[in-house]
Amino acid sequence: MNSEMLHWGVLIVLFVWLIIAGRLFCGKVCPVGYAQDLIFKIPFFIKVKTFKIDKYIRLLKYLNVFINFLLLPVLALLGYIASENEEAGPPKIILIALAASMVFAVIIRRPFCKYICSVGTLSSLFNKFSFYKYKTLNEKCIQCEVCVKKCKMDIIPYTMKNSFECIRCGYCKKVCPKGAIITGFNTQKIEQ
Ligand code: SF4
Ligand code: SF4
């Protein structure tokens, strides 16, 4: 199999996975996400859930997607910049951002996922359309907000089901005392 076929094969498998599961990889498999979860467990005198400009900083990841998946490829195609050298590895700026995220992960849950990761951001676009879905059973939910306190992405799980921000870690479902959050593939029962 030549490298171009392999490249397309990987892309197709990835696309099918995203259609099936949405951002499930981020919450269940990604080692960078797992590392941040572990680092957040380190005791520290301050733990920040959210802050005033949090929602604006979260937009940075969309800028990152724009730069990496649109602007740079187009500039390379037009010959304004050198094509990416695959053997060179990730750009230095991403490595610096990753290292900084690991430091900030002591006080903020999953900063790399919230503010930077372009792969997670692209995957998140499938959360709304994937076969696998989250649903809140309103008749069971007592709005106790236990899930809100525990959410790894600091969103409101019982109202923001299938949000772009949700990494599908399943933690809200696990901690809900009423079993009000369910997940599954039955799209007739589990609707947006
Ligand atoms: S923990 Fe369960 S019952 Fe409480 S707000 Fe969240 S979904 Fe509703
Ligand atoms: S809403 Fe639930 S599944 Fe989504 S990130 Fe928060 S805790 Fe994880």
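## A first look

By class, which residues does the shell around ligand 2 have? It has nine nonpolar, two polar and two charged residues. Keep that in mind as we walk through this structure, which is a predicted model.

The protein chain holds 10 helices and two strands. If you read along the sequence, the elements follow the pattern α-α-α-α-α-α-α-α-β-α-α-β. The C-alpha trace spans about 60 × 45 × 25 Å along its principal axes. Of the 192 residues in the protein chain, 27% are buried. Among contacts with a separation of 6 or more, 75% are between residues 24 or more positions apart.

## Around the two ligands

Let us start with ligand 2, which is surrounded by 13 residues. The closest of these are C151, P157, C166, C169 and C172.

Ligand 1 has 14 residues around it, and C141, C144, C147, Y158 and C176 come nearest. Sorted by class, this shell divides into 10 nonpolar, two polar and two charged residues.

## The largest nonpolar core

The largest nonpolar core has 20 residues, and the ones that touch the most other members are C113, C147, M153, I167 and I181. Helix α7, residues 111-115, gives the most to this core, with three residues.

I181 is a good residue to look up in the model. Leaving aside neighbours within four places in sequence, I181 is in contact with Y134, T136, C147, P157, Y158, C172, K173 and C176. Several of these names may be familiar: C147, Y158 and C176 are among the residues nearest ligand 1, while P157 and C172 are among those closest to ligand 2.

## Two residues to find

Where is T183 placed? You will find T183 in strand β2, which covers residues 181-184. T183 counts as partly exposed because it has 15 C-beta neighbours inside 10 Å, between the limits of 12 or fewer for exposed and 20 or more for buried. Beyond its neighbours within four places in sequence, T183 is in contact with Y132, K133, Y134, G170 and K173. V106, by contrast, is 30 Å from T183, C-alpha to C-alpha, with their positions 77 residues apart in sequence.

Now turn to W17, which sits in helix α1, residues 3-21. W17 is partly exposed, with 15 other C-beta atoms within 10 Å. W17 and S130 are 113 residues apart in sequence, yet their C-alpha atoms are 9.0 Å apart in space.

Key
Residues are numbered from 1 along each chain as its sequence is written. Chains are lettered from A and ligands numbered from 1 in the order in which they are written. This is a predicted model: local features need pLDDT of at least 70, side-chain atom pairs count only at pLDDT 80 or more; totals for chains, interfaces and linings use all residues. A residue is near a molecule or strand if its C-beta atom, placed from the backbone, lies within 6 Å of it. Ala, Val, Leu, Ile, Met, Phe, Trp, Tyr, Cys and Pro count as nonpolar, Asp, Glu, Lys and Arg as charged, and the others, Gly among them, as polar. A nonpolar core is a set of buried Ala, Val, Leu, Ile, Met, Phe, Trp, Tyr and Cys residues joined through C-beta atoms within 7 Å. Helices (H or I, at least four residues) and strands (E, at least two) are DSSP runs, numbered from the N terminus. Two residues are in contact if their C-beta atoms, placed from the backbone, lie within 7 Å.
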